[in-house]
Amino acid sequence: MSDSLIRASGLSVHFPIGSGLFAKQLLKAVDNVSLEIEKGSFFGLVGESGSGKTTLGRALLNAVPISAGTAHYDDGEVAYDLQELDGAELKDYRTRAQLIFQDPYAALSPRMTVRDIIAEPLEVMGLTKGRAETDERVREIAARCRLNLEHLRRFPHAFSGGQRQRISIARALVSGPKFVVADESVAALDVSIQADVLNLLKQLQDELGLTFMFISHDLSVVAHTCDHVAVMYLGRLIETAPTRKLFEAPRHPYTKALFSAIPSLDPDDDKTAQKLAGEIPSPTDQPPGCKFQTRCPHAIDICKAQEPVLATEDGHDVACHRWKELMELVPA
Amino acid sequence: MTPLIEVDNLTLQFRTDEGLITAVEDVSFTLMKGEVMGLVGESGSGKSVTAKALMHLNARNAIYSPESRITLHTDTGPVDVLSLRTPRELNVVRGGAISMIFQEPMASFAPAISIGKQMVEQLLLHSDMSKATAKSVSIEMLDRVGISDAARRFDQYAFELSGGMRQRAMIAMALSTNPTLLIADEPTTALDVTIQAQVIDLMKDLVSEFGMGIIFITHDLGVVAQTADRVNVMYLGRLVEEGPVREVIRNPRHPYTQGLIAALPKLEDLDAPLTPVPGDIPSPLERPSGCVFNTRCSQVVGEECRALVPASCRLDEMHSVACHIYREAAE
């Protein structure tokens with residue numbers, strides 16, 4: 001008996017580049033990722049742009065083809081192997097796994113009323129028997145997302161960013177999913193509204209028993225909402241741990257650098273110690289050995305020759321050759 | 001200290017199909033030479049519109065109220081920015097004394113012209129340099145902002161550079177005309193945190209090296225805390241609080257500033273609940289009467305909040321706030 005909802009092992013998503021007979025180059029967006037998401041958890045996935053976090057989220061939703069490895073979904077009612085879903089299974093999986101998009105301005109059709117936007121998934125998937133039942137479901141989920149009946153008759157342009165994001169959330173949740181991927185769902189919102197949407201997501205998780213994968217580049221948001229965090233770099237998972245452990249004692253040099261790069265609210269806090277040089281390499285032109293060695297201040301010969309594997313210690317996984325000696329050298 | 005730019009009673013409306021929209025209302029501030037001012041606010045607070053007004057860059061449907069005045073102090077004397085009309089006159093504020101860095105560096109460079117050519121073009125427009133000097137100045141600037149192999153980058157196009165590199169090139173371009181005022185509109189928002197940290201460091205170095213005044217527009221209070229000397233907080237087109245950055249962040253006085261800081265997730269205390277500012281930002285067509293923040297404020301003191309626009313009260317020499325709570329203190 002396992003209590004994980006999603007279990008991925010050696011998951012890879014590769015895209016061929018160019019077209020024609022001789023297109024040989026592969027873009028390894030996600031490479032050999034293994035992870036487990038427990039039922040009812042709020043799983044955070046952080047990384048810079050180009051790290052593959054969005055692609056990984058989509059692979060788990062079966063929205064991009066999985067090139068290698070396995071991903072297993074088990075919610076207690078049904079179990080699927082995501083890399084080999086057939087038509088009927090895929091249709092059912094779509095009702096169980098949903099995505100909340102980043103930009104609430106682009107995600108909602110301006111020509112549909114809010115009621116129609118929220119009802120569309122039910123109609124497309126044929127989940128309700130008639131208009132009355134559809135309306136009932138729409139009203140119920142809208143109320144949970146703090147939208148009132150008056151709102152349902154209006155068009156998206158009449159709403160502010162925070163309200164639009166609540167509409168997107170209602171649309172994602174109307175089919176009654178168990179697993180929800182929230183891809184940068186608060187990144188486009190103002191800070192004063194952001195906290196409100198985060199609180200709503202937590203509340204819905206509680207009430208509806210959802211499991212979230214929360215993709216974000218904002219570490220402080222992740223620290224406050226997630227109970228488990230995975231850090232990605234160039235398609236690899238380089239560190240994963242319960243939130244508290246990760247933020248108290250990050251092990252990977254990249255995670256440490258990410259933390260120290262967050263601008264502090266204290267004007268006198270001058271932390272320049274761990275600034276990273278350079279930028280994330282192109283996924284088509286990956287360095288040998290550890291993917292982070294081109295920017296790592298602690299890289300030595302072994303880092304350039306051999307790629308470190310994710311190793312667990314005290315429920316905290318890290319992929320770095322030198323993390324132990326570095327923890328002693330430079331305490332976090 | 002001598003003032004660099006003075007903004008007095010700036011009120012700016014846009015004529016749209018749906019009616020007149022007030023974007024900026026009665027905003028006054030002064031920026032001293034060599035000072036870094038953070039302009040903070042949410043989307044729709046009027047911070048970008050204010051900055052664009054300084055360069056007279058707002059669209060044709062913008063209406064400035066008759067009391068609005070923007071005075072730029074140049075070496076040749078004060079310039080009344082809003083009275084400038086012809087492109088020739090406007091050259092002073094557009095790329096001459098004032099340069100601007102935009103949020104999206106990819107959209108700010110012409111895609112089909114090399115970086116170098118664009119840098120040289122503006123130098124030829126704004127100075128009497130020869131083409132050869134302009135080229136060497138440009139390459140030197142690229143080198144200054146930390147672009148390696150500057151001579152080769154000079155001939156490259158925007159798409160060939162990475163995001164951080166593009167933003168550096170944008171900064172190099174803005175600084176090459178030697179402006180006295182630099183306006184940076186969300187210059188790090190589109191960048192990843194590690195790159196953002198590099199760009200913030202670079203901007204700090206350049207400030208101490210060139211000594212120009214900077215208006216740093218951002219919604220990120222952390223970025224402001226790390227870069228600015230002084231901060232102005234805007235909400236729905238009004239300046240609600242202004243003061244030294246340490247004062248405003250450690251001891252915010254306006255309920256909106258307090259709410260904004262409380263809403264930030266903090267890394268030091270993971271257990272602290274996230275407290276949003278209640279409600280949503282009103283639509284610009286439904287501007288609240290009285291204090292613009294009264295619809296979301298948790299500290300409304302009475303009817304005056306809905307009826308009267310609060311005047312700016314000076315709490316001490318540098319720190320002032322526009323809120324009825326502090327009215328008695330000021331009297």
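This is a short dialogue about a predicted model, built on why its parts are called what they are.

Student: Why is A:R251 called buried?

Tutor: Its relative accessible area is 9%. Buried means under 20%. The value for A:R251 falls under that cut-off, so the residue is buried.

Student: Where is A:R251 found?

Tutor: In chain A, A:R251 sits in the loop between α9 (243–248) and α10 (253–261).

Student: What makes the pair A:R251 and A:H316 a polar contact?

Tutor: A polar atom of the A:R251 side chain lies 3.2 Å from the backbone oxygen of A:H316. The limit is 3.5 Å, with one atom able to donate a hydrogen and the other to accept it. The distance is within that limit, so the pair fits on distance.

Student: Which residues is A:R251 in contact with, leaving aside neighbours within four places in sequence?

Tutor: They include A:E239, A:K256, A:E313, A:D314 and A:H316. A:V318, A:W323 and A:M327 are in contact with A:R251 too. Contact here means heavy atoms within 4.5 Å.

Student: How do you know that α10(A) is mostly covered?

Tutor: Count its buried residues: 9 of its 9. Among them are A:P253, A:Y254, A:L258 and A:F259.

Student: What covers the buried residues of α10(A)?

Tutor: The cover includes α8 (219–225), β9 (228–233), β10 (236–242), α9 and α12 (323–329) of chain A. It also includes α9 (193–210) of chain B.

Student: What makes β9(A) mostly covered?

Tutor: Of its 6 residues, 5 are buried.

Student: How do you know that β9(A) and β10(A) pair?

Tutor: There are 6 bridges between β9(A) and β10(A). Pairing needs at least two. The count meets that requirement, so the strands pair. They run antiparallel. One bridge joins A:M232 to A:L237 in β10(A). In addition, A:Y233 stands opposite A:R236 in β10(A).

Student: What lies between the strands in the hairpin of β9(A) and β10(A)?

Tutor: There are 2 residues between the strands. In this hairpin, A:L234 takes a positive phi near 50°.

Student: Which strand runs parallel to β9(A)?

Tutor: Strand β3 (residues 42–46) of chain A, joined to β9(A) by 4 bridges. There A:L45 stands opposite A:A230 in β9(A).

Student: Why is the pairing called mixed in the open sheet of 8 strands?

Tutor: The order is β6-β7-β8-β3-β9-β10-β12-β11 (chain A). In general, strands of a sheet pair either parallel or antiparallel. Here β3(A) and β9(A) run parallel, whereas β9(A) and β10(A) run antiparallel. Both kinds occur, so the pairing is mixed.

Student: What makes β6 (97–100) and β11 (311–313) of chain A edge strands?

Tutor: Each pairs on one side only. Neighbouring strands of this sheet are turned by 20° against each other on average, direction ignored.

Student: Which helix packs on this sheet and touches β6 and β7 (179–183) of chain A?

Tutor: Helix α2 (residues 87–96) of chain A. Its direction makes about 50° with that of β6(A).

Student: What is the order of the sheet of 4 strands?

Tutor: β2-β1-β4-β5 (chain A), an open sheet with antiparallel pairing. Its edge strands are β2 (26–38) and β5 (79–81) of chain A. The average turn between neighbouring strands is 15°, direction ignored.

Student: How do you know that strand β1 (residues 4–16) and strand β4 (residues 68–74) of chain A pair?

Tutor: They share 5 bridges, in the antiparallel sense. At least two are needed, so these strands pair. For example, A:S9 has A:T70 in β4(A) as its bridge partner. Helix α1 (residues 53–60) of chain A packs on this sheet, touching β1, β2 and β4 of chain A. The direction of α1 makes about 120° with that of β1(A).

Student: Which residues touch the most other members of the largest nonpolar core?

Tutor: A:I118, A:I169 and A:F214, out of 65 residues in this core. Helix α7 (residues 191–208) of chain A gives the most to this core, with 7 residues. Leaving aside neighbours within four places in sequence, the contacts of A:I169 include A:V197, A:L200, A:L201 and A:L204.

Terms used
Residues are numbered from 1 along each chain as its sequence is written. Chains are lettered from A and ligands numbered from 1 in the order in which they are written. This is a predicted model: local features need pLDDT of at least 70, side-chain atom pairs count only at pLDDT 80 or more; totals for chains, interfaces and linings use all residues. Side-chain values use heavy atoms; hydrogens and water are left out. Buried means under 20% relative accessible area, exposed over 50%, partly exposed in between (1.4 Å probe, protein chains only). A nonpolar core is a set of buried Ala, Val, Leu, Ile, Met, Phe, Trp, Tyr and Cys residues joined through side-chain atoms within 4.5 Å. Axes are lines fitted to C-alpha atoms, for helices over the stretch in contact, and angles run from 0 to 180 degrees between N-to-C directions.
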